[in-house]
Amino acid sequence: MPVPCRSGCGRNAFMRRPKTGDVLCKDCFFLAFETEIHNTIQQEQLFRPGEKVAIAASGGKDSTVLAHVMNVLNKRYNYGLDLVLLSIDEGITGYRDDSLKTVAQNRDDYGMQLRVLSYQELYGWTMDRIVAEIGRSNNCTFCGVFRRQALDRGARLMEVDCVATGHNADDIAETVIMNILRGDTARLRRCCDIKTGSKEADTIPRVKPLKYSYEKEIVMYAHFKKLV
């Protein structure tokens with residue numbers, strides 16, 4: 001027996017939201033998901049009109065949904081933002097190639113400027129070469145440090161006001177647990193911040209518009225929207 005959408009739109013429900021348990025049709029789910037991100041942006045004052053914002057685009061589900069939703073909200077609510085895409089190519093054979101094609105598709109679909117920076121261009125090394133030198137032990141640590149620096153350098157080259165990343169609620173929960181297990185109280189506090197860095201500290205701020213979005217809902221949104 002069909003169940004009516006809880007929003008009262010008159011359509012039948014298509015799904016049950018993992019976050020709230022509400023039974024909704026697809027259109028009402030899209031609107032609820034997007035509106036929650038808009039409310040986060042407004043309440044946390046993540047952006048100001050006229051700012052140039054780089055979306056850290058990996059080609060994965062989180063950054064793809066972030067690029068799509070930011071494009072939608074920027075137009076719907078007239079944020080007045082100049083949105084651009086910033087991607088990092090680590091130089092790992094067979095790892096980043098398909099993802100960069102997805103980012104290029106986002107560039108074409110949304111009409112955003114895209115800048116791709118490679119480890120080879122920035123450091124004169126690829127991750128493949130680094131692994132060949134040091135082995136596989138701790139290579140993720142090297143890559144993480146290089147990637148964070150690469151995003152900062154890319155942001156400066158593009159002269160953006162801030163960088164938006166696709167970190168979601170699940171990512172932050174996992175980081176909290178890791179820092180508890182490590183006993184790292186300093187990082188435990190910082191990892192929950194929705195905005196880090198500042199121009200006063202001579203660092204380009206990073207923001208997390210998807211901080212309160214569940215990973216499962218991000219996947220559902222991408223799937224039902226048929227995003228690349």
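## Largest pocket

Helix α6 supplies the largest share of the lining of the largest pocket, namely 10 residues. The model under discussion is predicted, and its largest pocket has a volume of about 2,000 Å³. The lining comprises 45 residues, of which Gly144, Arg147, Arg148, His167 and Arg206 are the closest to the pocket centre.

At least two lining residues come from each of the helices α2 (61–76), α5 (127–134), α6 (139–157), α7 (169–182) and α8 (185–190), and likewise from strand β8 (206–207). By class, the lining of this pocket divides into 17 charged, 14 polar and 14 nonpolar residues.

## Annotated binding-site residues

An unreviewed UniProt entry carries the annotation "binding site" for Ala56, Ala57, Ser58, Asp62, Ile88, Gly166 and Asp171. Of these residues, Ala56, Ser58, Asp62, Gly166 and Asp171 belong to the lining of the largest pocket.

Ala57, which the record also annotates, is located in the loop between β3 (52–56) and α2. Its relative accessible area is 3%, so Ala57 is classed as buried, the limit being under 20%. Beyond residues up to four places away in sequence, Ala57 touches Ser63, Leu85, Leu86, Ser87 and Val103.

## Surroundings of Asp62

Asp62 is part of helix α2 and is among the annotated residues that line the largest pocket. Is Asp62 buried or exposed? Asp62 counts as buried because its relative accessibility is 15%, and the class extends to values under 20%.

When neighbours within four places in sequence are set aside, the contacts of Asp62 are Gly166, Asn168, Asp171, Leu210 and Ile218. Two of these partners, Gly166 and Asp171, carry the "binding site" annotation in the UniProt record. In addition, the side chains of Asp62 and Lys61 are joined by a polar contact of 3.3 Å.

## Enclosed cavity

The structure contains 1 cavity of 30 Å³ or more. The space within the largest cavity amounts to about 30 Å³. Which residues line the largest cavity? They are Arg17, Lys19, Phe33, Glu36, Ile37, Tyr212, Ser213, Tyr214 and Glu217.

Helix α1 (residues 26–44) contributes the most to this lining, with 3 residues. The composition of the cavity lining is 4 charged, 4 nonpolar and 1 polar residue.

## His38 in helix α1

Helix α1 also holds His38. With a relative accessibility of 10%, His38 is assigned to the buried class. Outside the stretch of residues up to four places away in sequence, His38 touches Leu73, Tyr77 and Tyr79. Of these contact partners, Leu73 falls within the residue range of α2 (61–76).

## Loop residues with positive phi

Gln45 is not a glycine, yet its phi is positive, at about 50°. Gln45 is placed in the loop between α1 and β3. What class of accessibility applies to Gln45? Gln45 is exposed because its relative accessible area is 62%, and the class requires a value over 50%.

Glu159, also not a glycine, has a positive phi of about 55°. The loop between α6 and β6 (162–164) contains Glu159. The relative accessible area of Glu159 is 66%, and this residue is therefore exposed.

Definitions and conventions: Residues numbered from 1 in each chain as written. Predicted model: local features only at pLDDT ≥ 70, side-chain atom pairs only at ≥ 80, totals over all residues. Heavy atoms only, no water. 1 Å grid on protein atoms, 1.4 Å probe; cavity = no way out; pocket = protein on both sides within 12 Å on 5 of 7 lines; lining within 4 Å. Points joined across faces, edges and corners; volume = space filled by probe spheres on them. Helix = DSSP H or I, 4+ residues; strand = E, 2+ residues; numbered from the N terminus. Nonpolar A, V, L, I, M, F, W, Y, C, P; charged D, E, K, R; others polar. UniProt positions renumbered as here; feature names shortened; annotations may be inferred. Buried < 20%, exposed > 50% of the residue type's maximum accessible area, 1.4 Å probe, protein only. Contact = heavy atoms within 4.5 Å. Polar contact = N/O pair within 3.5 Å; in protein donor to acceptor, adjacent residues only side chain to side chain.
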